[in-house]
Every structure is written in structure tokens, then in C-alpha cells.
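Hi there,

Here is the structure I promised to pass on, with the sequence alongside. My notes on what turned up follow just below.

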Amino acid sequence: MKKLIYKEFALATSPLTFLFLGFTVMTFIPGYPVLCGAFFVCFGIFHSYQTAREDDDITYTILLPVRKADVVSAKYAAAVIIQGVAFVLFAIFSGIRMVFFADAAVYKANVLMGANFVFLSFVLLIFAAFNVIFIGGFFKTAYRYGKPFVIFIIVNFSIIAAAETMHHLPGMAWLNILDIKNAVCQMPLLACAAVIYVISAVVSCKKSETRFENTDL
């Protein structure tokens with residue numbers, strides 16, 4: 001499995017996937033829906049699937065002495081690693097904002113979602129949606145990626161719209177607390193989002209392995 005994951009990064013991962021990790025810096029942009037940074041990370045992973053499809057990477061991989069299920073697992077593992085790196089960057093940048101810039105006028109006057117634990121929770125939910133909808137949808141055929149990505153885009157921006165709306169509702173202002181000392185109440189949401197992310201990734205991977213085993217290439 002380790003060699004298959006290495007192969008994913010060495011041969012199947014588009015350079016744009018790594019480049020789009022730079023969109024995590026959008027966490028610092030005031031007056032902008034910062035959750036779009038998570039979408040662009042997913043968009044970078046999408047480019048790897050596009051490149052792999054054009055290079056017929058799936059056919060090449062199953063010709064190796066590996067199980068078909070391992071082909072799927074390696075793809076998921078590569079995506080989870082990229083998302084993990086992105087999440088760490090989001091967390092670092094959010095921490096900087098919450099510790100050093102919580103009282104900055106440009107952020108306090110921002111009516112959109114700020115960088116906090118709730119923001120990180122929604123990042124995980126977007127990543128979970130990508131894994132289930134796009135990667136899971138891709139492995140229904142192992143070559144069609146357009147429709148699953150369009151569906152993901154719709155769900156992604158629905159999540160962003162919900163996130164940007166919720167903290168404006170009566171009694172929900174705590175969702176947009178930007179001071180790390182007062183944001184402890186947001187931690188349970190982050191924990192729940194992490195559980196959802198892990199469970200969705202595992203379940204989606206298992207379903208995709210089953211589908212791929214029955215796919216005639």
C-alpha cells in the first residue's frame with residue numbers, strides 16, 4: 001500500500017494539486033467567504049483525477065500486482081493526505097488570526113464568517129462531501145468525473161451558504177467568535193466534524209472498493 005500511495009504522488013498527482021494548497025492563505029482575506037479556500041483545495045485534487053483519467057492511470061495501476069481494492073484505497077489515501085496538509089495549514093492560519101488579530105478592525109467589522117473553530121469544522125465537512133460525492137462518484141465508473149464534480153460544487157456552495165448564514169441567526173452569534181479564549185464553546189462542533197470526516201471517508205472508501213471490484217474496465 002505504501003508503494004501505491006508513493007506512486008499516486010509520484011505519477012498520478014497533478015502539480016496543480018500541490019499549488020492549490022496555497023489557497024489556504026485565503027484564510028487571511030477579510031470580507032471574503034474564506035471557506036472558498038477549502039473548495040479550491042478540492043479543486044486541486046480534482047485536477048489529479050482529471051490528469052489520471054487522461055493518462056489512463058487506473059488501467060496502468062490495475063495491471064500492477066495489486067488488488068483492485070488497493071487501487072481505490074491508495075486514491076483515497078492520497079486525497080486524505082492532501083486534505084490533512086490543507087487542514088493543518090488552515091488551522092495554523094486560523095490560530096494566527098484568533099491569537100494575534102482577533103481585535104483587528106478589519107476582521108471585527110467583517111460580516112462574513114471569520115477564521116475560528118467553526119470555520120475549521122466546515123472545512124472538514126466540505127472535504128467529507130468531496131470524498132463521498134466526487135471520489136465515490138468517480139469510482140462508480142472509474143473514468144467519469146464531470147457529473148460527480150458538478151454535484152459536489154452544488155453541495156459545496158450550499159455548505160458555504162449555510163455557514164455564512166447560521167451565525168447571523170438569533171442566538172447563533174457564538175458561531176463567529178474570533179477570540180480563541182472565548183471560542184472554547186466551538187470545540188465540540190470541531191470534534192463532531194472530525195468524526196463525520198473520518199467515518200465518511202472510511203465508509204465511502206469501502207463502498208468504492210466494492211463498486212470498483214465489480215467494474216469491468
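**Salt bridges**

A search through the whole structure turns up four salt bridges. Please keep in mind as you read that this is a predicted model. Side chains of opposite charge can pair when their charged atoms come close.

Let me begin with Lys7 and Glu8, whose side chains meet in a salt bridge at 3.1 Å, N to O. Are these two residues buried or exposed? Lys7 has a relative accessible area of 7%, so Lys7 is buried. Glu8 counts as buried too, because its relative accessibility is 4% and the cut-off for buried is under 20%. The pair also belongs to something wider: Lys7, Glu8 and Lys75 are linked in a network of salt bridges.

Another salt bridge joins Arg53 to Glu54, with 3.1 Å between the closest N and O atoms. Arg53 is partly exposed, at a relative accessible area of 32%.

Then there is Asp70, which forms a salt bridge with Arg67; here the closest N and O atoms are 2.8 Å apart. The two partners fall on opposite sides of the burial scale. Asp70 is buried, with a relative accessible area of 17%, whereas Arg67 is exposed, with 53%. The reasoning is simply that buried means under 20% and exposed means over 50%.

**Charges over rings**

Lys75 from the network has a further contact: the charged end of Lys75 sits over the ring of Tyr49, 5.5 Å from the ring centre. A similar arrangement involves Lys68, whose charged end sits over the ring of Phe212, at 4.9 Å from its centre.

**Cavities**

How many cavities of 30 Å³ or more are there? The count comes to two. The largest cavity holds about 100 Å³ of space, and its lining includes several residues you have already met, among them Glu8, Tyr49 and Lys75. Also in the lining are Ala12, Thr13, Thr17, Ile45, Ser48, Ala52, Ala78, Ala79 and Ile82. The elements that give two or more residues to this lining are α1 (2-12), α3 (36-54) and α5 (68-100). By type, the lining residues divide into seven nonpolar, three polar and two charged.

The second largest cavity has a volume of about 30 Å³. Arg97, Met98, Phe101, Ala102, Tyr107, Ala115 and Leu178 line this second cavity. Its lining divides into six nonpolar residues, no polar ones and one charged.

**The largest pocket**

If you are browsing the model for open spaces, the largest pocket has a volume of about 170 Å³. Its lining is made up of Ile133, Gly137, Lys140, Thr141, Arg144, Lys147, Pro148 and Ile151. Which helices supply at least two residues each to this lining? They are α7 (117-138) and α8 (146-166). Of the elements involved, α8 gives the most, with three residues. The lining of the largest pocket divides into three nonpolar, two polar and three charged residues.

**Aromatic pairs**

The structure holds 25 aromatic pairs. One of them is Phe9 with Phe18: the ring centres are 6.3 Å apart and the planes are at 35°, so the pair is tilted. Phe9 is partly exposed, at 25% relative accessibility, and Phe18 is also partly exposed, with a relative accessible area of 39%.

Phe138 and Phe139 give you an edge-to-face pair, with 5.1 Å from centre to centre and 85° between the planes. Both Phe138 and Phe139 are buried. As a reminder for reading these numbers, a pair of aromatic rings is described by the distance of the centres and the angle of the planes.

**One more residue in α5**

Last on my list is Val85, which is found in helix α5. Val85 counts as partly exposed, at 38% relative accessibility. Measuring along the chain and through space gives two separate views: Val85 and Ser158 are 73 residues apart in sequence, and their C-alpha atoms are 24 Å apart in space.

Happy browsing, and all the best!

Terms used:
Residues are numbered from 1 along each chain as its sequence is written. This is a predicted model: local features need pLDDT of at least 70, side-chain atom pairs count only at pLDDT 80 or more; totals for chains, interfaces and linings use all residues. Side-chain values use heavy atoms; hydrogens and water are left out. Buried means under 20% relative accessible area, exposed over 50%, partly exposed in between (1.4 Å probe, protein chains only). On a 1 Å grid over the protein atoms alone, a cavity is a set of points where a 1.4 Å probe fits but cannot get out, and a pocket is an open set with protein on both sides within 12 Å along at least five of seven lines; lining residues have an atom within 4 Å of a point. Grid points are joined across faces, edges and corners, and a volume is the space filled by probe spheres set on the points. Helices (H or I, at least four residues) and strands (E, at least two) are DSSP runs, numbered from the N terminus. Ala, Val, Leu, Ile, Met, Phe, Trp, Tyr, Cys and Pro count as nonpolar, Asp, Glu, Lys and Arg as charged, and the others, Gly among them, as polar. Rings of Phe, Tyr and Trp (its six-membered ring) pair if their centres lie within 6.5 Å; planes under 30 degrees apart count as stacked, over 60 as edge-to-face and the rest as tilted. A charge sits over a ring if NZ of Lys or CZ of Arg is within 6 Å of the ring centre and within 35 degrees of the ring normal.
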